[in-house]
Number of protein chains: 2
Amino acid sequence: MQSYPTTIQGGTEQPIYDAVAAAVLDQRLAPGMRLTEASLVELFGVSRTIVRMALLRLAHDHIVQLKPNHGASIASPSRDETRAVFEARRMLECAALPAVIARALPRQLDSLRSLVRQEDLAFRARDMRGWIRLSGEFHRRLIALARNPVILRYANELVTQSLLMTALYMPSGQTACSADEHLQLIDAIAARDERRAARLMQAHLEACEARLALDWTEERPSDLAEALQLRPRRASAAR
Amino acid sequence: MQSYPTTIQGGTEQPIYDAVAAAVLDQRLAPGMRLTEASLVELFGVSRTIVRMALLRLAHDHIVQLKPNHGASIASPSRDETRAVFEARRMLECAALPAVIARALPRQLDSLRSLVRQEDLAFRARDMRGWIRLSGEFHRRLIALARNPVILRYANELVTQSLLMTALYMPSGQTACSADEHLQLIDAIAARDERRAARLMQAHLEACEARLALDWTEERPSDLAEALQLRPRRASAAR
DNA sequence: GCCGTCCCGATTGTATACAGTGATTCGCGA
DNA sequence: TCGCGAATCACTGTATACAATCGGGACGGC
């Protein structure tokens, strides 16, 4: 089970994909922000064809939303989607832990520890963007130790989406992911304690989700009647 | 946690995507088969633009391979990829079982049992294509009971790829997935026995993988020297 | 006869032109 | 001043034209 091309090496659209993805991870592109094809054409000096390919790939990875006849905007996942993604992460990352424990080398765990130190540094420096990016990076590199390209790809997707959700639903001035929990997790892995590692990962991701304001106002009503808390007088095909 | 659009509703390219995907699931399109843009244009009566969008999506889902300047062919995953996909399935589908047990309704399990009966019928009728398709369908519908759209999407991808791998590496006249194992799995779920269900799923997927001829000839040598079982006389940058 | 080279056909990669769609705005009339 | 409708604009959806690239076959030299 060795490395094989995990992400299809794109062609000319790759720079656009990378730039948008990086901007989302750094939270420079906020959820909901529109991406018109024309603006990207101008920024990257390529034709709309290329831009559209990039947008199609970004949409497939749930980084942008693609509404017919309305173009692309940075995805702004609903609360339901957020809950589903965090549940999926709990399943997936916990399930990957045994492979991580079996295959991780001590020096890789050390490298992970130094990453957590950076994370803590960024936090103390009040560099929230860098800190959030680094804590995502931690999960990515942890799952990478399982040496399964398929799981790694899925985990990458989910972590990226989680960062979007954090940007959307994190109450300002709140913390997202504690570096301490990350360190404990590494220790459990180093000790080859599958049960404890799984328990810590589960609790950690639950805590991350709990810190988000997913319950404050349940799902902004998309329907006017619902928003006004009225029921339509006449039957109008209640879906 | 309700349903939200799990697959991005494509536009005009959807029929092409569906046709190719269905053909792969039915094993009418064999791995490695080439798909030229021109032929799809003719078959579907749309422009190359649309065909390319379909191919891009199919490539993203690892159903077709897209080599630069060489166009598209049905993916023919390597043995390493096959092992990785089956390992990922073990992780993912086992991890999803607790949610399945918690959320599945009795009538849904009954419907699943009738699916297994169909599967058995197809097997007895020597309808191998139908049988393989149905056994894939079983896994898909089982994971759907976890009611997590994200996990469902990933499971769908992996099952589809597994079918491709089965087409590639299944020794002819061999069985792939036993209907009996499927029934036992349903029973364990109905009994809400998480441990047994997980053990059965793990064993079942391991058995599926073991039936494939992944070890017969280890990875066809890509290098001439390796193929002739020689070592280069002079040092030539051994990678 | 064998090997290297050149050319040609087929196929993909990219750009652009044109059509269709949705939303905003402007103008007209009450 | 307000409401309503039509023209307009910005943008995306689709088709097509042109450029680039790769593989194979013919040709000629050795």
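In this predicted model, 30 residues of chain B are in contact with 30 residues of chain A. Contact means that two C-beta atoms, placed from the backbone, lie within 7 Å. On the chain B side, helix H3 (48–60), helix H4 (79–103) and helix H7 (149–169) of chain B each give two or more residues. H4(B) gives the most, with 12 residues. That side divides into 20 nonpolar, 5 polar and 5 charged residues. Ala, Val, Leu, Ile, Met, Phe, Trp, Tyr, Cys and Pro count as nonpolar, Asp, Glu, Lys and Arg as charged, and the others, Gly among them, as polar. Helices (H or I, at least four residues) and strands (E, at least two) are DSSP runs, numbered from the N terminus.

Residues and chains follow the written order, with residues numbered from 1 along each chain and chains lettered from A. Local features need pLDDT of at least 70, and side-chain atom pairs count only at pLDDT 80 or more, while totals for chains, interfaces and linings use all residues.

Next, the DNA surfaces. A residue is near a strand if its C-beta atom, placed from the backbone, lies within 6 Å of it.

| DNA strand | Nearest of the 14 residues around it |
|---|---|
| C | Thr12(A), Ser47(A), Thr49(A), Glu37(B), Gly71(B) |
| D | Glu37(A), Gly71(A), Thr12(B), Ser47(B), Thr49(B) |

For strand C, helix H3 (48–60) of chain A and helix H2 (37–44) of chain B give two or more residues. H3(A) gives the most, with 3 residues. The surface near strand C has 4 nonpolar, 8 polar and 2 charged residues. For strand D, helix H2 (37–44) of chain A and H3 of chain B each supply at least two residues. H3(B) has the largest share, 3 residues. The surface near strand D divides into 4 nonpolar, 8 polar and 2 charged residues.

Chain A also holds a hairpin. Strands S2 (residues 64–67) and S3 (residues 71–74) of chain A pair in the antiparallel sense over 4 bridges. Pairing requires at least two DSSP bridges. Gln65(A) has Ser73(A) as its bridge partner in S3(A). The hairpin has 3 residues between the strands, and Asn69(A) takes a positive phi near 65°.

Helix H8 (residues 179–190) of chain A has 12 residues and reaches 17 Å from first C-alpha to last, close to the 16 Å expected at 1.5 Å a residue. Its buried residues are Ala179(A), His182(A), Leu185(A), Ile186(A), Ala188(A) and Ile189(A). Buried means that 20 or more other C-beta atoms lie within 10 Å of the residue's own. Their cover includes helices H4 (79–103), H5 (106–124), H6 (128–144) and H9 (194–211) of chain A. Just after H8(A), Arg192(A) takes a positive phi of about 55°.

Technical notes
Expected span 1.5 Å × (residues − 1). Buried ≥ 20, exposed ≤ 12 C-beta atoms within 10 Å, placed from the backbone.
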